[in-house]
Amino acid sequence: MPLLILGIWSVAHGWRFPALVPGEVSFAAWSYVLSSASGVGASLGLTLSIAVATAVIATVISYPAGRALGRHRFPGRFAVLVLVLAPAVLPALAVALGLQGLFLRLGLTGTVSGVVLAHLIPALPYPTLVMTAAFAAFEPEFEHQARSLGARPLQVLAHVTLPAVAPALRVGAALAFLVSWSQYLLTLGIGAGKVQTLPLVLFTFATSGRNDLTGAVSLVHLLPALLVVGFTLALRMFHRVGGGRWSVPGVGG
Amino acid sequence: MTGGWRIFGMLAPLLLVLAGLFGLGLGLTLMRSLRYLPAIGLTEPDLAAYRAVLTAPRFLASVVWSLWIAGASSGISALLSLGTALLLRHGFAGRGLLLALIELGLAVPHVVGALGILYLFSQSGSFARLAFGAGLIDQPAAFPALTHDPYAIGIILLYVWKEMPFMTLVLLARLKRIGPGHEAVARSLGATPWQAFAQVLLPMLLPSLLVATALVFAFAFGAYEVPLLLGPHAPEAVSVVAWKHHTDVDLSARPEAMAMAVLVFVIAGAVLALGARLVWRLGGFSR
């Protein structure tokens with residue numbers, strides 16, 4: 001797998017053609033990359049906070065939006081769905097160029113908040129669609145029954161609705177995280193070179209000719225993404241095996 | 001019944017962000033592409049930028065090249081994912097694990113995958129070294145150029161590697177929804193396995209397959225990082241050309257960059273609209 005080769009390169013020293021395996025194994029690349037001199041650590045933190053911020057905001061926005069889209073058939077629903085889908089499937093370049101001009105005027109270029117806002121554009125569609133599907137499948141009866149049993153709206157939210165759509169919320173957040181995590185052009189355009197996220201840093205290393213450093217940084221870039229998806233998968237499997245709540249207690253089957 | 005205003009309120013944040021940022025960004029690009037820049041005195045929109053762009057051989061070559069990449073990647077992925085989905089359809093030991101691995105693979109950022117491909121398939125990469133070791137070549141340049149090559153083989157390889165699993169998952173989900181009932185009925189009425197597949201199952205799968213293919217196509221067409229990393233000096237992908245124009249020191253190149261971006265957007269949109277139309281013609285998604 002291509003990922004393996006990156007790992008091998010990251011510990012290779014003086015590995016030139018045509019050697020099949022590196023002659024020397026050295027961790028010099030890793031120690032440089034993990035040191036503060038390389039700036040990779042700082043970039044990792046920055047990229048993480050941007051991705052988390054994007055994920056949180058996107059998930060929060062997608063909840064009411066998904067609820068509206070999933071449960072109610074209102075005029076213009078189709079148009080909204082198309083609008084929601086568009087940023088995810090159409091090339092971001094056209095939006096990025098114009099957005100740059102807008103953000104320039106608003107003083108948002110070169111700022112982290114500007115980048116987060118920009119990342120929301122491709123990130124929002126996924127949690128919204130996931131939440132729409134979740135709410136479409138969620139029986140409103142559960143909420144009505146809970147209310148008729150005397151529960152207050154906040155209790156209904158916490159004990160009936162949220163647990164039922166929690167898996168979807170997790171998936172949506174993970175997807176938004178991944179979208180922000182891998183963004184390149186948008187960050188480049190809006191960040192104006194000042195916001196150095198991992199993809200940008202990785203690119204600099206990749207074009208430097210130092211395959212060992214590039215290999216190490218790629219793995220650094222890869223790991224959190226794998227962790228996020230792995231975590232979501234593990235939670236899903238845990239729930240399926242019977243650890244979580246799939247049925248609403250008290251409501252007859 | 002919930003009031004209309006309440007629904008609007010629920011949708012408001014989403015609409016604000018998407019319509020606001022996406023719409024404004026796009027609108028601005030469009031304006032700039034028409035050379036409408038009041039800031040420097042251009043108040044008469046015109047199509048000069050579009051004319052310049054559409055007659056530039058460099059841009060046209062890029063469009064063709066990007067279309068090739070998008071078409072080959074999505075086509076190959078579609079075929080491979082169809083075969084794989086059919087194979088993986090029925091439960092077998094370890095299927096859950098395999099599916100989990102596929103989902104995990106979706107998390108790999110494109111740049112990381114591209115670098116892996118580069119280190120494996122370039123002329124000084126691992127496969128070239130294997131060939132050298134086997135005595136098939138005597139120097140790096142003798143190994144076929146699979147990266148940085150005019151046929152975009154490395155790029156296509158990456159897209160297939162990355163998108164095929166995604167399409168397989170989509171098809172598997174669809175197959176699960178369809179269920180084996182329809183084919184069983186066809187078989188019981190005397191259809192051969194091939195007929196059951198081609199005339200019963202395939203038409204039901206086609207909408208999902210088309211949508212997934214169109215999505216991959218649109219994505220591959222407008223992508224930036226991967227062609228930049230794995231592509232040759234010329235031709236370049238459309239997004240790369242557009243970005244280069246945008247960051248050109250010569251400010252008059254800006255409207256051209258905007259025009260290119262708009263054209264990329266329009267072409268990708270046309271492909272998706274075509275896909276949607278075809279799906280609609282085929283009868284949409286039957287429950």
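The mean pLDDT of chain A, pLDDT being the predictor's confidence in each residue on a scale from 0 to 100, is 81, and 88% of the residues of chain A reach 70 or more. This is a predicted model, in which local features need pLDDT of at least 70 and side-chain atom pairs count only at pLDDT 80 or more, while totals for chains, interfaces and linings use all residues. Residues are numbered from 1 along each chain as its sequence is written, and chains are lettered from A, with ligands numbered from 1, in the order in which they are written. Within chain A, confidence is highest in α6(A), at 90, and lowest in strand β1 (residues 12–13), at a mean of 66. Over residues 243–253 of chain A pLDDT stays under 50, and for this stretch the model has nine contacts beyond four places in sequence. Where pLDDT is low, the predicted coordinates should not be read in detail.

Chain A has twelve helices and two strands, where helices (H or I, at least four residues) and strands (E, at least two) are DSSP runs numbered from the N terminus. The order of elements in chain A, from the N terminus on, is α-β-β-α-α-α-α-α-α-α-α-α-α-α. Chain B, by comparison, has twelve helices and zero strands, and its C-alpha atoms fill a box of roughly 75 × 75 × 30 Å along the principal axes.

Of the 253 residues of chain A, 47% count as buried, and buried residues make up 41% of the 287 residues in chain B; a residue is buried if 20 or more other C-beta atoms, placed from the backbone, lie within 10 Å of its own, exposed if 12 or fewer, and partly exposed in between. Two residues are in contact if their C-beta atoms, placed from the backbone, lie within 7 Å. Among contacts between residues at least 6 apart in sequence, those joining residues at least 24 apart make up 76% in chain A and 72% in chain B.

The contact between the chains takes 58 residues from chain A and 60 residues from chain B. On the side of chain A that touches chain B, the largest share, eleven residues, comes from α12(A). By class, that side of chain A has 47 nonpolar, ten polar and one charged residues, with Ala, Val, Leu, Ile, Met, Phe, Trp, Tyr, Cys and Pro counted as nonpolar, Asp, Glu, Lys and Arg as charged, and the others, Gly among them, as polar.

A closer view of one helix is given by α5(A), whose 14 residues reach 20 Å from the first C-alpha to the last, close to the 20 Å expected at 1.5 Å a residue, the expected span being 1.5 Å times one less than the number of residues. There is nevertheless a kink of about 25° in α5(A), centred on L99(A), the bend being the angle between axes fitted to the seven residues ending there and the seven starting there. α5(A) is mostly covered, with ten of its 14 residues buried, including L93(A), L99(A) and F103(A). F103(A) is buried because 25 other C-beta atoms lie within 10 Å. Not counting residues up to four places away in sequence, F103(A) touches L108(A), T109(A), G114(A) and I190(A).

L93(A) also belongs to the largest nonpolar core, where, of 151 residues, L93(A), L120(A), A218(B), M260(B) and A261(B) touch the most other members; such a core is a set of buried Ala, Val, Leu, Ile, Met, Phe, Trp, Tyr and Cys residues joined through C-beta atoms within 7 Å.
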